[in-house]
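I opened this entry to keep track of what I looked up, in the order I looked it up.

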Amino acid sequence: MKNQFCRIALSGLLATGLTLGTAAAFAQQDSPAAPDASAQQPAPGRMGRQQMTPDEQVARMTKRYDLSADQQTQIKPIVADTQQQMMALRQDSSMSREDKMTKMMSIREGANTKISAILNDSQKQKFAEDQQKREQHRGGGAPAGGPPAQ
């Protein structure tokens with residue numbers, strides 16, 4: 001009986017210590033960031049992931065599609081503009097969720113069309129395949145209008 005009581009008490013202390021330690025760790029993560037530092041960070045994306053900056057997106061595309069310097073220069077403003085439009089749309093509380101989703105798809109399709117126009121034939125093919133995979137991954141299957149424009 002005494003051993004059982006000691007085990008229960010020890011378990012309670014251990015659980016309390018873990019809970020307090022976890023709370024302290026979360027508090028430390030939140031407190032050092034100054035308001036100015038958070039303004040410089042990219043906005044969080046879906047499910048808590050950090051959104052890539054336009055430079056990071058272009059760097060990723062450069063690696064994936066072997067973009068030339070000229071292509072990078074042309075694609076970066078498209079990526080930046082798309083990102084700004086998406087952020088503004090996410091913050092717009094006047095639109096319904098469905099309207100936002102429709103508008104986001106329209107923005108994304110417009111950006112993909114502009115980017116595709118800059119790519120050469122082999123890059124376009126790879127880009128179209130990647131877009132199709134993303135749509136399938138999102139659960140949307142092929143877009144209603146068919147495969148992305150080449």
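My notes below go from the whole chain to a helix, a core and some charged pairs.

**Overall.** I am working from a predicted model. I counted elements first: the chain has 6 helices and 0 strands. Read from the N terminus, the order is α-α-α-α-α-α. I then checked burial, and 21% of the 150 residues are buried. The exposed surface comes to about 11,200 Å². Carbon and sulfur atoms account for 56% of that area. For contacts, I took residues at least 6 apart in sequence; of these contacts, 45% link residues at least 24 apart.

**Helix 4.** How far apart are the end C-alpha atoms of helix 4? I found 33 Å between them. That agrees with the expected span, because 23 residues at 1.5 Å a residue should also give 33 Å. I looked for a bend as well. Helix 4 turns by about 25 degrees at Ile-75. A proline, Pro-77, comes within four residues after that point. Next I listed the buried residues of helix 4: Gln-71, Ile-75, Ile-78, Val-79, Thr-82, Gln-83, Met-86 and Leu-89. Their cover includes helix 3, helix 5 and helix 6. Helix 6 covers 121-137.

**The core.** Which residues make up the largest nonpolar core? I noted 12 residues: Val-58, Met-61, Tyr-65, Leu-67, Ile-75, Ile-78, Val-79, Ala-111, Ile-115, Ile-118, Leu-119 and Phe-127. Helix 3 (54-65), helix 4 (69-91) and helix 5 (97-118) each put in at least two of these residues.

I followed two members of the core. Phe-127 came up first in my list of contacts. Setting aside residues up to four places away in sequence, Phe-127 touches Met-61, Tyr-65, Asn-112, Ile-115, Ser-116 and Leu-119.

Val-58 was next, and Val-58 sits in helix 3. Is Val-58 buried or exposed? Its relative accessibility is 7%, so I put Val-58 down as buried. Beyond its neighbours within four places in sequence, Val-58 contacts Leu-67, Gln-72, Ile-75, Lys-76 and Val-79. I also took the distance from Val-58 to Pro-77. These residues are 19 apart in sequence, and their C-alpha atoms are 9.8 Å apart in space.

**Salt bridges.** How many salt bridges are there? I counted 2 salt bridges.

One joins the side chains of Lys-76 and Asp-55, with N to O at 2.6 Å. Lys-76 belongs to helix 4 and Asp-55 to helix 3, so this pair ties together parts 21 residues apart in sequence. I checked exposure at both ends. Lys-76 is partly exposed, with a relative accessible area of 37%. Asp-55 is also partly exposed, at 47% relative accessibility.

Asp-130 and Arg-64 form a salt bridge too, with the closest N and O atoms 2.8 Å apart. Asp-130 lies in helix 6 and Arg-64 in helix 3, so the pair ties together parts that are 66 residues apart in sequence. Which way does Asp-130 go, buried or exposed? I have Asp-130 as buried, because its relative accessible area is 8% and the cut-off for buried is under 20%. Its partner Arg-64 is partly exposed, with a relative accessible area of 37%.

Key
Residues numbered from 1 in each chain as written. Predicted model: local features only at pLDDT ≥ 70, side-chain atom pairs only at ≥ 80, totals over all residues. Heavy atoms only, no water. Core = buried A, V, L, I, M, F, W, Y, C linked by side-chain atoms within 4.5 Å. Buried < 20%, exposed > 50% of the residue type's maximum accessible area, 1.4 Å probe, protein only. Helix = DSSP H or I, 4+ residues; strand = E, 2+ residues; numbered from the N terminus. Contact = heavy atoms within 4.5 Å. Expected span 1.5 Å × (residues − 1). Bend = angle between axes of the 7 residues up to and from the residue. Areas by Shrake-Rupley, 256 points an atom, 1.4 Å probe, with all protein chains shown as cover. Salt bridge = Lys/Arg side-chain N within 4 Å of Asp/Glu carboxyl O.
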